[in-house]
Amino acid sequence: MSAEDPNPAATPTPCEDTQGDGRWISLHNRFVSDSKDKEPDVLFVGDSLVQLMHQFGVWRQLFSPLHALNFGVGGDATQHVLWRLSNGELDNISPKVVVLWVGTNNHGHTAEQICGGIMAIVQVIKNKLPHTQILVLGILPRGKMPNPLRERNATVNKLVQEAISTLPHAFFLNVDPGFVHSDGSISHQDMYDYLHLTPHGYQAVCEPLHAHLKSMLDNPPTPRPLTG
């Protein structure tokens, strides 16, 4: 890929309706509609790891009390989230914090491309919600045993952490509590299919995340004076 080629992971792209039931665009339209009559303090955006969080007790226990809204869509890669946020999902809300968790579904993309996609999403959030804090969650390891996707995800996290560190009001949080055991394996008790989290896995991820979010909500950034 030459420097002139657009990064596919950072090019807003609607998800192709390969199954023919229009669910993806229907979900997007529902989120746009939801945003018109809700006033969330926290917005979660991302793929199935965000979407499924809503189905577990951990959401009601930890995040509903924070007035959280869930805009997760299973299977989404960075370019799909980028399209959704560029097409109305942020236009009627002003949450105090946006939590972004995406990147593991970017199949065929390099770590650098995925990082570019994540940072493009961060930029859209910053442009549309200039007073909102952004929390980017690290991509979790995946697969029962060591594999190239684990290595790629770890590299993405490193690149994103470096890129985020230069931005005001944007933060990176590694939410992996140590899912990889000393023999290199991941337990099905944490990830039932070695990608998606069990209730136990969600608890391990979400309790520290909740504490971090509480701290962000309790200590909002002071607006920086405008310099001429």
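**Note on the predicted model: aromatic contacts, cores and helix 1**

1. F44, W59 and F63 come together as one aromatic cluster. The structure discussed here is a predicted model, and the points below should be read with that in mind. In total, six aromatic pairs are found in the structure. One of them joins F56 and Y202 in a tilted arrangement, with 5.0 Å from centre to centre and 40° between the planes. Because F56 sits in the loop between helix 2 and helix 3 while Y202 belongs to helix 7, this pair ties together parts that are 146 residues apart in sequence.

2. The surroundings of F56 can be described a little further. The loop that holds F56 runs between helix 2 (48–53) and helix 3 (57–63), and, when neighbours within four places in sequence are left aside, F56 is in contact with L197, P199 and Y202. The C-alpha atoms of F56 and Q203 are separated by 9.5 Å, although these two residues lie 147 residues apart along the chain. Its aromatic partner Y202 counts as buried, since the relative accessibility of Y202 is 0%.

3. F63, a member of the aromatic cluster named at the start, is found in helix 3. With a relative accessible area of 0%, F63 is buried. Neighbours within four places in sequence aside, F63 is in contact with F44, M53, V58, A68, C206, L209, H210 and L213. For a sense of distance, F63 and G88 are 25 residues apart in sequence, and their C-alpha atoms are 23 Å apart in space.

4. H210 appears among the contacts of F63, and its own position deserves a separate remark. H210 lies in helix 7, which covers residues 199–218. The side chain of H210 reaches the backbone oxygen of L62 at a distance of 3.4 Å. Setting aside neighbours within four places in sequence, H210 is in contact with L62, F63 and L66.

5. Which residues touch the most other members of the largest nonpolar core? They are L100, V136 and V160, in a core that has 36 residues. Helix 5 (residues 111–128) supplies the largest share of this core, namely 10 residues. A second core of 30 residues is separate, and L62, L135, C206 and L217 are included in it. As a general background, nonpolar side chains in soluble globular proteins tend to be buried together.

6. Two residues illustrate the packing in more detail. V136, when residues up to four places away in sequence are not counted, touches L100, I118, V122, V160, I164, F171, F172 and L173. I121 has its place in helix 5, and I121 is buried, with a relative accessible area of 0%. Leaving aside neighbours within four places in sequence, I121 is in contact with T78, V81, L82, L85, L100 and V102. I121 and F31, which are 90 residues apart in sequence, are 17 Å apart in space from C-alpha to C-alpha.

7. The geometry of helix 1 (residues 23–37) can be checked by a simple calculation: at 1.5 Å a residue, its 15 residues should span 21 Å, the expected span being 1.5 Å times one less than the number of residues. The end C-alpha atoms of helix 1 are 22 Å apart, which agrees with that expectation.

8. Where do the buried residues of helix 1 lie around its axis? These residues are W24, L27, H28, F31, V32, D34 and S35. They cover an arc of only 160° around the axis, and therefore they are on the same side of helix 1. The face turned away from this buried side carries the exposed residues K36 and D37. Helix 2, strand 2 (68–72) and helix 4 (78–86) are included in what covers the buried residues of helix 1.

9. A last point concerns S185, which is found in the loop between strand 5 (170–173) and helix 7. Is S185 buried or exposed? S185 counts as buried, because its relative accessibility is 11% and the cut-off for buried is under 20%. The side chain of S185 makes a polar contact with the side chain of D183, at 2.7 Å. With residues up to four places away in sequence not counted, S185 touches K144, M145, R150, F179 and V180.

Note on methods
Residues are numbered from 1 along each chain as its sequence is written. This is a predicted model: local features need pLDDT of at least 70, side-chain atom pairs count only at pLDDT 80 or more; totals for chains, interfaces and linings use all residues. Side-chain values use heavy atoms; hydrogens and water are left out. Helices (H or I, at least four residues) and strands (E, at least two) are DSSP runs, numbered from the N terminus. Contact means heavy atoms within 4.5 Å. A nonpolar core is a set of buried Ala, Val, Leu, Ile, Met, Phe, Trp, Tyr and Cys residues joined through side-chain atoms within 4.5 Å. Buried means under 20% relative accessible area, exposed over 50%, partly exposed in between (1.4 Å probe, protein chains only). A polar contact is a pair of N or O atoms within 3.5 Å; within protein, one must be able to donate a hydrogen and the other to accept it, and residues adjacent in sequence count only if both atoms are side-chain atoms. Rings of Phe, Tyr and Trp (its six-membered ring) pair if their centres lie within 6.5 Å; planes under 30 degrees apart count as stacked, over 60 as edge-to-face and the rest as tilted. The arc is that of the directions from the helix axis to the C-beta atoms.
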